[in-house]
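Dear colleague,

Please find below the structure for your review. My notes on its side-chain contacts follow it.

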Amino acid sequence: MAPLQLTPPLCFHKNHRNVRLSNPTRRWLYNRIFLGGIGAFGCYLALRYQLAAWEARRHPGDGNYLCSSDMVDFLLYMPLNLISNAAGRLVENQSVPARVHNWFVQAAVYWHALDMSESEQKTNFDTFQQFYVRDWTPTARPVDAAASVVAPCDGQVLAVNTDVESTSLVQVKGLTYGMRSLLQDTLPPLNKDTRRRVAVVLHMRNKDFHHVIAPLSFECEKSVYVPGSLLPATAAGYHWIPSVLTINERLVLKGTSSDKERLPVYMALVGSTLTGRITLYMDKRVRTNYLNPPGYAVHLPYASKPVVARGERLATFNWGSSVVLVMDVPTRCTALKRAGDVVKAGEALFQF
(Lines give C-alpha, C1' and ligand atoms only; values in the text may rest on other atoms or scores of the structure.)
Protein backbone atom coordinates (compact mmCIF):
# COMPACT_ATOMS: atom_id res chain seq x y z
CA MET A 1 0.00 0.00 0.00
CA ALA A 2 1.44 3.35 -1.08
CA PRO A 3 2.07 5.88 1.67
CA LEU A 4 -0.27 8.85 1.93
CA GLN A 5 0.94 12.02 0.22
CA LEU A 6 -0.05 15.61 0.86
CA THR A 7 -2.18 17.20 -1.84
CA PRO A 8 -0.42 20.24 -3.37
CA PRO A 9 -2.19 23.53 -2.58
CA LEU A 10 -4.61 24.82 -5.18
CA CYS A 11 -3.31 27.77 -7.15
CA PHE A 12 -5.77 30.07 -8.91
CA HIS A 13 -4.37 31.69 -12.03
CA LYS A 14 -5.74 35.16 -11.35
CA ASN A 15 -3.78 35.33 -8.08
CA HIS A 16 -0.66 33.50 -9.24
CA ARG A 17 2.36 35.73 -9.66
CA ASN A 18 3.89 33.66 -12.44
CA VAL A 19 0.95 34.05 -14.83
CA ARG A 20 1.56 36.69 -17.50
CA LEU A 21 -0.81 39.64 -17.85
CA SER A 22 -1.67 38.50 -21.37
CA ASN A 23 -3.29 35.35 -20.00
CA PRO A 24 -7.05 35.37 -20.70
CA THR A 25 -7.71 34.29 -17.13
CA ARG A 26 -6.64 37.74 -15.96
CA ARG A 27 -8.98 39.77 -18.13
CA TRP A 28 -10.58 41.08 -14.97
CA LEU A 29 -7.50 43.27 -14.62
CA TYR A 30 -7.99 44.69 -18.09
CA ASN A 31 -11.63 45.47 -17.28
CA ARG A 32 -10.60 47.41 -14.21
CA ILE A 33 -7.96 49.32 -16.14
CA PHE A 34 -10.49 50.12 -18.87
CA LEU A 35 -13.17 51.28 -16.43
CA GLY A 36 -10.58 53.24 -14.49
CA GLY A 37 -9.52 55.00 -17.69
CA ILE A 38 -13.13 55.93 -18.44
CA GLY A 39 -13.55 57.25 -14.91
CA ALA A 40 -10.35 59.28 -15.10
CA PHE A 41 -11.40 60.77 -18.44
CA GLY A 42 -14.81 61.66 -17.01
CA CYS A 43 -13.14 63.37 -14.05
CA TYR A 44 -10.93 65.30 -16.46
CA LEU A 45 -13.96 66.51 -18.43
CA ALA A 46 -15.76 67.51 -15.23
CA LEU A 47 -12.69 69.41 -14.03
CA ARG A 48 -12.31 71.33 -17.29
CA TYR A 49 -16.01 72.14 -17.28
CA GLN A 50 -15.87 73.44 -13.71
CA LEU A 51 -12.80 75.53 -14.51
CA ALA A 52 -14.71 77.07 -17.41
CA ALA A 53 -17.63 77.74 -15.06
CA TRP A 54 -15.28 79.46 -12.62
CA GLU A 55 -13.87 81.59 -15.44
CA ALA A 56 -17.38 82.54 -16.57
CA ARG A 57 -18.15 83.82 -13.07
CA ARG A 58 -14.87 85.59 -12.32
CA HIS A 59 -13.44 86.56 -15.72
CA PRO A 60 -16.32 86.55 -18.26
CA GLY A 61 -14.19 88.07 -21.01
CA ASP A 62 -11.36 85.53 -20.90
CA GLY A 63 -11.09 82.24 -22.78
CA ASN A 64 -8.29 80.31 -21.11
CA TYR A 65 -10.13 77.00 -20.78
CA LEU A 66 -11.39 76.40 -24.31
CA CYS A 67 -11.22 72.78 -25.36
CA SER A 68 -9.49 71.53 -28.50
CA SER A 69 -11.14 70.70 -31.81
CA ASP A 70 -10.56 66.99 -31.11
CA MET A 71 -12.56 67.32 -27.91
CA VAL A 72 -15.36 69.03 -29.83
CA ASP A 73 -15.39 66.13 -32.29
CA PHE A 74 -15.60 63.69 -29.38
CA LEU A 75 -18.54 65.58 -27.87
CA LEU A 76 -20.32 65.59 -31.24
CA TYR A 77 -20.14 61.78 -31.31
CA MET A 78 -22.02 61.56 -28.02
CA PRO A 79 -25.80 60.94 -28.42
CA LEU A 80 -26.80 64.20 -26.73
CA ASN A 81 -29.82 64.72 -29.00
CA LEU A 82 -31.15 61.28 -28.07
CA ILE A 83 -30.49 61.88 -24.37
CA SER A 84 -32.23 65.26 -24.53
CA ASN A 85 -35.24 63.79 -26.32
CA ALA A 86 -35.52 60.95 -23.80
CA ALA A 87 -35.20 63.35 -20.85
CA GLY A 88 -37.89 65.58 -22.32
CA ARG A 89 -40.28 62.67 -22.68
CA LEU A 90 -39.58 61.53 -19.14
CA VAL A 91 -40.17 64.86 -17.39
CA GLU A 92 -43.52 65.32 -19.15
CA ASN A 93 -44.66 61.71 -18.77
CA GLN A 94 -47.96 61.68 -16.92
CA SER A 95 -47.70 57.94 -16.31
CA VAL A 96 -45.22 58.80 -13.57
CA PRO A 97 -47.16 59.67 -10.38
CA ALA A 98 -47.52 63.40 -9.77
CA ARG A 99 -45.98 63.05 -6.31
CA VAL A 100 -42.76 61.77 -7.90
CA HIS A 101 -42.65 64.79 -10.20
CA ASN A 102 -43.25 67.07 -7.22
CA TRP A 103 -40.41 65.44 -5.28
CA PHE A 104 -38.05 66.51 -8.05
CA VAL A 105 -39.70 69.94 -8.13
CA GLN A 106 -39.03 70.40 -4.42
CA ALA A 107 -35.43 69.26 -4.90
CA ALA A 108 -34.94 71.78 -7.75
CA VAL A 109 -36.49 74.60 -5.72
CA TYR A 110 -34.19 73.82 -2.80
CA TRP A 111 -31.03 73.28 -4.86
CA HIS A 112 -31.39 76.43 -6.98
CA ALA A 113 -32.95 78.57 -4.21
CA LEU A 114 -35.89 79.50 -6.43
CA ASP A 115 -38.20 82.36 -5.51
CA MET A 116 -41.58 80.76 -6.13
CA SER A 117 -43.43 83.92 -5.07
CA GLU A 118 -43.02 85.17 -8.67
CA SER A 119 -44.73 82.07 -10.11
CA GLU A 120 -48.45 81.88 -10.76
CA GLN A 121 -48.50 78.22 -9.77
CA LYS A 122 -46.34 77.42 -6.77
CA THR A 123 -47.11 73.79 -5.88
CA ASN A 124 -48.96 70.67 -7.03
CA PHE A 125 -47.54 70.42 -10.53
CA ASP A 126 -48.75 67.58 -12.72
CA THR A 127 -45.30 67.02 -14.25
CA PHE A 128 -41.79 68.34 -13.81
CA GLN A 129 -42.09 69.89 -17.27
CA GLN A 130 -45.09 71.93 -16.12
CA PHE A 131 -42.94 73.32 -13.33
CA TYR A 132 -40.16 74.30 -15.71
CA VAL A 133 -42.44 76.23 -18.08
CA ARG A 134 -44.48 77.84 -15.29
CA ASP A 135 -45.76 81.37 -15.88
CA TRP A 136 -44.68 84.40 -13.92
CA THR A 137 -47.23 86.60 -12.18
CA PRO A 138 -48.49 89.66 -14.10
CA THR A 139 -46.42 92.00 -11.91
CA ALA A 140 -43.24 89.90 -11.77
CA ARG A 141 -41.77 91.01 -15.12
CA PRO A 142 -42.80 94.60 -15.91
CA VAL A 143 -41.51 95.94 -19.22
CA ASP A 144 -39.42 99.11 -18.88
CA ALA A 145 -41.40 101.69 -20.84
CA ALA A 146 -38.48 104.13 -21.06
CA ALA A 147 -35.98 101.65 -22.53
CA SER A 148 -35.40 101.40 -26.27
CA VAL A 149 -34.58 97.68 -26.10
CA VAL A 150 -35.41 95.40 -23.18
CA ALA A 151 -34.00 92.04 -22.16
CA PRO A 152 -35.81 89.26 -24.04
CA CYS A 153 -35.51 86.75 -21.19
CA ASP A 154 -34.27 86.07 -17.71
CA GLY A 155 -30.67 85.00 -17.39
CA GLN A 156 -27.01 85.87 -17.24
CA VAL A 157 -25.35 88.09 -19.83
CA LEU A 158 -22.55 86.06 -21.43
CA ALA A 159 -21.30 88.65 -23.92
CA VAL A 160 -22.06 92.17 -25.12
CA ASN A 161 -20.67 93.42 -28.44
CA THR A 162 -21.42 97.13 -28.74
CA ASP A 163 -19.69 97.81 -32.06
CA VAL A 164 -19.63 94.87 -34.46
CA GLU A 165 -17.61 96.02 -37.47
CA SER A 166 -17.01 92.67 -39.17
CA THR A 167 -19.12 89.62 -39.96
CA SER A 168 -17.97 87.86 -36.78
CA LEU A 169 -18.90 88.06 -33.12
CA VAL A 170 -16.49 87.71 -30.23
CA GLN A 171 -17.24 84.70 -28.06
CA VAL A 172 -14.36 85.18 -25.62
CA LYS A 173 -10.98 86.84 -25.86
CA GLY A 174 -9.19 85.51 -28.94
CA LEU A 175 -12.15 83.55 -30.36
CA THR A 176 -14.84 84.63 -32.82
CA TYR A 177 -17.68 82.94 -34.70
CA GLY A 178 -19.47 83.96 -37.88
CA MET A 179 -22.82 85.73 -37.79
CA ARG A 180 -23.83 84.25 -41.14
CA SER A 181 -23.27 80.76 -39.75
CA LEU A 182 -25.25 81.60 -36.62
CA LEU A 183 -28.18 83.39 -38.27
CA GLN A 184 -28.20 81.57 -41.63
CA ASP A 185 -28.61 84.91 -43.36
CA THR A 186 -26.50 87.71 -44.78
CA LEU A 187 -26.92 90.86 -42.75
CA PRO A 188 -27.66 94.08 -44.68
CA PRO A 189 -24.84 96.60 -45.18
CA LEU A 190 -24.28 98.95 -42.28
CA ASN A 191 -24.27 102.74 -42.61
CA LYS A 192 -21.51 103.53 -40.13
CA ASP A 193 -22.25 107.25 -40.18
CA THR A 194 -25.63 106.87 -38.50
CA ARG A 195 -25.76 103.31 -37.17
CA ARG A 196 -23.73 100.61 -35.51
CA ARG A 197 -24.34 96.92 -34.95
CA VAL A 198 -24.71 95.42 -31.48
CA ALA A 199 -25.07 91.88 -30.21
CA VAL A 200 -25.81 90.39 -26.81
CA VAL A 201 -25.85 86.77 -25.62
CA LEU A 202 -28.00 85.75 -22.64
CA HIS A 203 -28.15 82.35 -20.98
CA MET A 204 -31.28 81.23 -19.14
CA ARG A 205 -30.20 79.41 -15.99
CA ASN A 206 -32.13 76.60 -14.33
CA LYS A 207 -33.44 79.03 -11.72
CA ASP A 208 -34.87 81.44 -14.32
CA PHE A 209 -38.17 81.52 -16.14
CA HIS A 210 -37.82 80.10 -19.63
CA HIS A 211 -40.04 82.41 -21.66
CA VAL A 212 -38.77 84.72 -24.40
CA ILE A 213 -40.40 88.09 -25.07
CA ALA A 214 -39.93 90.62 -27.85
CA PRO A 215 -37.14 93.07 -26.93
CA LEU A 216 -38.78 95.76 -29.07
CA SER A 217 -41.70 96.03 -31.46
CA PHE A 218 -40.77 94.48 -34.80
CA GLU A 219 -42.24 92.89 -37.90
CA CYS A 220 -41.25 89.24 -38.14
CA GLU A 221 -40.29 88.40 -41.71
CA LYS A 222 -39.28 84.77 -41.35
CA SER A 223 -38.16 82.01 -39.01
CA VAL A 224 -35.32 79.61 -39.71
CA TYR A 225 -34.87 76.22 -38.06
CA VAL A 226 -31.20 75.25 -38.09
CA PRO A 227 -30.45 71.61 -37.18
CA GLY A 228 -27.45 70.89 -35.03
CA SER A 229 -26.12 69.21 -31.94
CA LEU A 230 -27.15 69.87 -28.34
CA LEU A 231 -23.85 70.56 -26.62
CA PRO A 232 -24.01 72.37 -23.26
CA ALA A 233 -24.59 76.06 -24.01
CA THR A 234 -24.39 77.12 -20.38
CA ALA A 235 -22.06 79.84 -19.14
CA ALA A 236 -19.44 77.13 -18.60
CA GLY A 237 -20.06 75.64 -22.03
CA TYR A 238 -19.71 79.10 -23.59
CA HIS A 239 -16.20 79.32 -22.11
CA TRP A 240 -15.34 75.69 -22.86
CA ILE A 241 -16.63 74.80 -26.35
CA PRO A 242 -15.49 76.98 -29.28
CA SER A 243 -18.36 78.27 -31.47
CA VAL A 244 -20.93 76.33 -29.47
CA LEU A 245 -23.72 78.67 -30.58
CA THR A 246 -23.13 77.86 -34.25
CA ILE A 247 -22.86 74.12 -33.59
CA ASN A 248 -26.08 73.71 -31.64
CA GLU A 249 -29.62 73.44 -32.90
CA ARG A 250 -31.36 76.81 -33.00
CA LEU A 251 -34.35 78.79 -34.17
CA VAL A 252 -33.67 82.17 -35.79
CA LEU A 253 -36.20 84.99 -36.13
CA LYS A 254 -35.55 87.77 -38.63
CA GLY A 255 -37.45 91.04 -38.62
CA THR A 256 -37.45 94.81 -38.87
CA SER A 257 -38.27 97.23 -36.08
CA SER A 258 -41.71 98.76 -36.50
CA ASP A 259 -40.64 102.30 -35.57
CA LYS A 260 -39.44 104.98 -37.95
CA GLU A 261 -35.83 103.77 -37.68
CA ARG A 262 -36.67 100.45 -39.46
CA LEU A 263 -33.76 98.64 -37.85
CA PRO A 264 -32.92 95.02 -38.79
CA VAL A 265 -33.45 92.64 -35.88
CA TYR A 266 -32.26 89.04 -35.49
CA MET A 267 -32.95 86.70 -32.59
CA ALA A 268 -31.37 83.26 -32.32
CA LEU A 269 -32.89 80.85 -29.79
CA VAL A 270 -30.14 78.29 -29.24
CA GLY A 271 -30.82 74.84 -27.82
CA SER A 272 -28.60 73.06 -25.33
CA THR A 273 -28.18 69.69 -23.64
CA LEU A 274 -31.62 68.59 -22.36
CA THR A 275 -33.00 71.71 -24.09
CA GLY A 276 -34.02 70.77 -27.57
CA ARG A 277 -37.70 71.68 -27.75
CA ILE A 278 -38.79 75.26 -28.38
CA THR A 279 -42.39 76.46 -28.67
CA LEU A 280 -42.87 79.40 -31.06
CA TYR A 281 -46.25 80.97 -30.38
CA MET A 282 -46.64 82.85 -33.65
CA ASP A 283 -46.10 79.70 -35.71
CA LYS A 284 -47.00 76.34 -34.18
CA ARG A 285 -45.70 74.55 -37.29
CA VAL A 286 -42.13 75.08 -36.14
CA ARG A 287 -40.67 71.94 -34.63
CA THR A 288 -37.31 71.32 -33.00
CA ASN A 289 -35.42 68.49 -31.28
CA TYR A 290 -35.56 65.94 -34.09
CA LEU A 291 -34.02 62.54 -33.50
CA ASN A 292 -33.22 62.46 -37.23
CA PRO A 293 -33.03 66.15 -38.14
CA PRO A 294 -32.94 67.32 -41.75
CA GLY A 295 -29.56 68.04 -43.23
CA TYR A 296 -30.48 71.60 -44.15
CA ALA A 297 -31.93 74.75 -42.60
CA VAL A 298 -35.71 75.17 -42.92
CA HIS A 299 -36.71 78.73 -43.90
CA LEU A 300 -40.32 79.80 -43.26
CA PRO A 301 -41.02 83.28 -44.68
CA TYR A 302 -44.09 85.17 -43.46
CA ALA A 303 -45.80 87.15 -46.20
CA SER A 304 -48.08 88.90 -43.70
CA LYS A 305 -45.11 90.03 -41.58
CA PRO A 306 -46.87 89.82 -38.21
CA VAL A 307 -46.05 92.65 -35.82
CA VAL A 308 -44.83 91.56 -32.40
CA ALA A 309 -45.27 94.18 -29.69
CA ARG A 310 -42.49 94.88 -27.23
CA GLY A 311 -42.88 92.60 -24.23
CA GLU A 312 -45.14 90.16 -26.07
CA ARG A 313 -44.29 86.52 -25.47
CA LEU A 314 -42.50 85.00 -28.44
CA ALA A 315 -41.40 81.54 -27.41
CA THR A 316 -40.79 79.16 -24.53
CA PHE A 317 -37.87 76.83 -23.95
CA ASN A 318 -38.94 73.60 -22.34
CA TRP A 319 -35.62 73.84 -20.49
CA GLY A 320 -33.32 76.83 -20.13
CA SER A 321 -30.91 77.77 -22.89
CA SER A 322 -29.47 80.83 -24.66
CA VAL A 323 -30.79 83.77 -26.69
CA VAL A 324 -28.65 85.84 -29.06
CA LEU A 325 -29.90 89.29 -30.10
CA VAL A 326 -28.24 91.02 -33.08
CA MET A 327 -29.53 94.35 -34.38
CA ASP A 328 -28.55 97.72 -35.79
CA VAL A 329 -28.95 100.75 -33.54
CA PRO A 330 -28.26 104.49 -33.83
CA THR A 331 -24.70 105.52 -33.04
CA ARG A 332 -25.88 107.25 -29.86
CA CYS A 333 -26.98 103.90 -28.40
CA THR A 334 -25.76 103.01 -24.91
CA ALA A 335 -25.49 99.47 -23.54
CA LEU A 336 -26.90 99.27 -20.03
CA LYS A 337 -25.63 95.76 -19.23
CA ARG A 338 -22.27 94.04 -19.47
CA ALA A 339 -20.97 90.47 -19.43
CA GLY A 340 -21.60 88.76 -16.12
CA ASP A 341 -24.70 90.77 -15.18
CA VAL A 342 -27.94 89.01 -14.28
CA VAL A 343 -31.07 90.38 -15.94
CA LYS A 344 -34.80 89.77 -15.90
CA ALA A 345 -37.10 89.85 -18.88
CA GLY A 346 -38.33 93.37 -19.52
CA GLU A 347 -35.37 95.18 -17.95
CA ALA A 348 -33.61 97.90 -19.95
CA LEU A 349 -30.87 96.53 -22.20
CA PHE A 350 -30.08 99.34 -24.67
CA GLN A 351 -31.02 102.98 -24.67
CA PHE A 352 -30.99 105.34 -27.65
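The notes below cover aromatic contacts, a surface patch and salt bridges.

This is a predicted model, in which local features need pLDDT of at least 70 and side-chain atom pairs count only at pLDDT 80 or more, while totals for chains, interfaces and linings use all residues. Residues are numbered from 1 along each chain as its sequence is written, and side-chain values use heavy atoms, with hydrogens and water left out.

Aromatic contacts

The structure holds seven aromatic pairs (ring centres of Phe, Tyr or the six-membered ring of Trp within 6.5 Å; planes under 30 degrees apart are stacked, over 60 edge-to-face, the rest tilted). One of them is the edge-to-face pair of Phe41 and Phe74, at 5.2 Å centre to centre and 90 degrees between the planes. Phe41 belongs to helix α1 (residues 27-58) and Phe74 to helix α2 (residues 69-77), so the pair ties together parts 33 residues apart in sequence (helices are DSSP runs of H or I with at least four residues, strands runs of E with at least two, numbered from the N terminus). Phe41 is partly exposed, at 32% relative accessible area, as is Phe74, at 36% (buried is under 20%, exposed over 50%, partly exposed in between, with a 1.4 Å probe and protein chains only).

Phe125 and Phe131 form another edge-to-face pair, at 5.5 Å and 75 degrees; both residues are buried. Phe125, Phe128, Phe131 and Tyr132 make up one aromatic cluster.

Surface patch

Phe41 and Phe74 also join Tyr44 and Met78 in a nonpolar surface patch with about 350 Å² of accessible area together (patch residues have over 30% relative accessible area and no salt bridge; nonpolar side chains are joined within 5 Å, like charges within 9 Å; areas are from the Shrake-Rupley method with a 1.4 Å probe).

Salt bridges

There are twelve salt bridges (a side-chain nitrogen of Lys or Arg within 4 Å of a carboxyl oxygen of Asp or Glu). Arg197 pairs with Asp328, with the closest N and O atoms 2.6 Å apart; this links strand β5 (residues 195-203) to strand β14 (residues 322-330), 131 residues apart. Arg197 is buried, at 7%, and so is Asp328, at 3%. Glu118, Arg141, Asp154 and Lys344 are joined into one network by salt bridges that share partners. Within this network, Glu118 meets Arg141 at 3.2 Å and Lys344 at 3.2 Å. Glu118 is buried, at 17%, whereas Lys344 is partly exposed, at 35%.

With kind regards
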